[in-house]
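Me: I am new to this structure and would be grateful for a close look at a single part of it. Please describe how one pair of helices packs together, and then add a word on the aromatic rings.

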Amino acid sequence: MLLSEQCYKKIDRELAKYPADQRQSAVMAALAHAQVELGWLSPDTMQEVADYIGMPAIAVQEVATFYNMYNTRPVGKHKITVCTNLPCALSGGERAAHHLKQKLGVEFRGTTEDGQFTVLEGECMGACGDAPVMLVNNHRMCSFMSLEKIDALVEELKEAKQ
């Protein structure tokens, strides 16, 4: 078993929200819980989720590879997704992305040598009025990201490492 008993309990709570013949409806939440626990979704993890929910592994993989919030490859401890959609790009998103990549010494889809940061480009995050926008580990939205705020975010995340 790759997933802990605690993770399975969380998945069970998600499964309980749906009728027994609709267990597959909990796949997105199950994948999210597995990813929080393991950091990414390996083929073995997706197989384990598929077996537990009772759906074909290929269907789980289709979900995991369709949505960009799922990591199907290892990523850094802190995954920072920069919105590069047009409204953010026109409101400083490209400059913010360039600054972040330069500061961390990586390109998009790259991970720092210490394994702490992965930088990704993302599509619309639904906060166009707050541009430029970044999402940290799929859970924390950061708005109006000036160069100074980017520097402060990186320092805060570095300190969280300890």
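Reply: What follows concerns one helix pair and then the aromatic pairs. The model is predicted.

Two packed helices are described by the angle between their axes and the distance between the axes. Here the pair consists of helix α5, residues 86-104, and helix α6, residues 147-160; their axes lie 10 Å apart and meet at an angle of about 40°. That angle makes α5 oblique to α6, and the crossing of the two is right-handed. On the α5 side, the contact is formed by R95, A96, H99, L100, K103 and L104, which meet L147, I150, D151, V154 and E155 of α6. By character, the residues of this contact comprise six nonpolar, one polar and four charged.

As for the aromatic rings, the count comes to three aromatic pairs. In one of them, the ring centres of Y8 and Y52 are 4.5 Å apart and the planes stand at 50°, so the pair is tilted. Y8 belongs to helix α1 (residues 5-15) and Y52 to helix α3 (residues 43-53), so this pair ties together parts that are 44 residues apart in sequence. Y8 counts as buried, at 10% relative accessibility, whereas Y52, at 29%, counts as partly exposed.

Another pair joins Y67 and Y70: the ring centres are 6.5 Å apart and the planes stand at 80°, so the arrangement is edge-to-face. Y67 has a relative accessibility of 32% and counts as partly exposed, while Y70, at 7%, counts as buried. Ring pairs also bring in F66, linking F66, Y67 and Y70 into a cluster.

Methods:
Residues numbered from 1 in each chain as written. Predicted model: local features only at pLDDT ≥ 70, side-chain atom pairs only at ≥ 80, totals over all residues. Heavy atoms only, no water. Axes fitted to C-alpha atoms, helices over the stretch in contact; angles between N-to-C directions. Helix = DSSP H or I, 4+ residues; strand = E, 2+ residues; numbered from the N terminus. Parallel < 35°, antiparallel > 145°, perpendicular 65-115°, else oblique. Left-handed = near helix turned anticlockwise from the far one by under 90°. Contact = heavy atoms within 4.5 Å. Nonpolar A, V, L, I, M, F, W, Y, C, P; charged D, E, K, R; others polar. Phe/Tyr/Trp six-rings, centres within 6.5 Å; stacked < 30°, edge-to-face > 60°. Buried < 20%, exposed > 50% of the residue type's maximum accessible area, 1.4 Å probe, protein only.
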